[in-house]
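Please look at the sequence and the three-dimensional model below before reading on. The report that follows moves from the whole chain to individual residues.

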Amino acid sequence: FTQTVWFIGALCPWCMLVWSMTIPMFWVFTIWNAAQGRFGARTQRIGRALLPFCWAFPLANYLFIIVTIIIKFPTILTVF
């Protein structure tokens, strides 16, 4: 995402498709692994507390990306 938006300066449809899959996988599996105790006992408590809300992290990540794209490419909405 950072390379595409800030360095390349163009939106790649393939890249955005990859983001749409890897973002939820990262958040859900990281929180799930924390809940399983794979990162230690302290993170297990945090993981178990966050596991019911693991859907909110990809959603927040998507919202951040959408807002960043709208700010960085303001003419993208004028195409429609």
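What share of the 80 residues of the protein chain counts as buried? The answer is 18%, where buried means under 20% relative accessible area, exposed means over 50%, and partly exposed lies in between, with a 1.4 Å probe and protein chains only. This is a predicted model, in which local features need pLDDT of at least 70 and side-chain atom pairs count only at pLDDT 80 or more, while totals for chains, interfaces and linings use all residues. Residues are numbered from 1 along each chain as its sequence is written, and side-chain values use heavy atoms, with hydrogens and water left out.

**Overall form**

The protein chain has four helices and zero strands, and its pattern along the sequence reads α-α-α-α; here helices (H or I, at least four residues) and strands (E, at least two) are DSSP runs numbered from the N terminus. The radius of gyration of the protein chain is 16 Å, whereas a compact globule of 80 residues would have one near 12 Å; this radius is taken over C-alpha atoms, and the globule rule is 2.2 Å times the number of residues to the power 0.38. The C-alpha trace spans about 50 × 20 × 15 Å along its principal axes. Among contacts in the protein chain with a separation of 6 or more, 53% are accounted for by residues 24 or more positions apart, a contact being heavy atoms within 4.5 Å. The accessible surface comes to about 6,000 Å², and 75% of that surface belongs to carbon and sulfur atoms; such areas come from the Shrake-Rupley method with a 1.4 Å probe, and for residues only the protein chains shown count as cover.

**Annotated spans**

In an unreviewed UniProt entry, the annotation "transmembrane region" covers residues 6–29 and 50–71; UniProt positions are given in the numbering used here, feature names are shortened, and annotations may be inferred rather than shown by experiment. In the model, residues 6–29 are 83% helix and 0% strand, and the end C-alpha atoms of this span lie 27 Å apart. Residues 50–71 are 77% helix and 0% strand, with end C-alpha atoms 30 Å apart.

**The nonpolar core**

Val 5, Trp 19, Ile 23, Ile 65, Ile 69 and Phe 73 are the six residues of the largest nonpolar core, a core being a set of buried Ala, Val, Leu, Ile, Met, Phe, Trp, Tyr and Cys residues joined through side-chain atoms within 4.5 Å. Two or more residues of this core come from each of α2 (13–35) and α4 (56–72). With residues up to four places away in sequence not counted, Val 5 touches Leu 11, Thr 68, Ile 69, Lys 72 and Phe 73. Under the corresponding exclusion, Ile 65 is in contact with Phe 1, Trp 19 and Ile 23. The C-alpha atoms of Ile 65 and Thr 78, 13 residues apart along the chain, are separated by 18 Å.

**Selected residues**

The table lists residues with their helix and relative accessible area.

| Residue | Helix | Relative accessible area |
|---|---|---|
| Thr 4 | α1 (residues 2–8) | 7%, buried |
| Leu 50 | α3 (residues 41–50) | 30%, partly exposed |
| Pro 58 | α4 | 6%, buried |
| Ile 65 | α4 | 9%, buried |
| Thr 68 | α4 | 11%, buried |

Which residues surround Thr 4, not counting residues up to four places away in sequence? Thr 4 touches Gly 9, Ala 10, Leu 11, Cys 12, Cys 15 and Trp 19.

Thr 68 counts as buried because its relative accessibility is 11%. Its side chain reaches the backbone oxygen of Phe 64 at 2.7 Å, a polar contact being a pair of N or O atoms within 3.5 Å in which, within protein, one must be able to donate a hydrogen and the other to accept it, and residues adjacent in sequence count only if both atoms are side-chain atoms. Leaving out residues up to four places away in sequence, Thr 68 touches Phe 1, Val 5 and Trp 6.

Pro 58, apart from its neighbours within four places in sequence, is in contact with Ile 23, Pro 24 and Trp 27. A distance of 20 Å separates the C-alpha atoms of Pro 58 and Ile 71, which are 13 residues apart along the chain.

Leu 50 counts as partly exposed because its relative accessibility is 30%. Aside from neighbours within four places in sequence, Leu 50 is in contact with Ile 31 and Phe 57, and the C-alpha atoms of Leu 50 and Leu 77, 27 residues apart along the chain, are separated by 35 Å.
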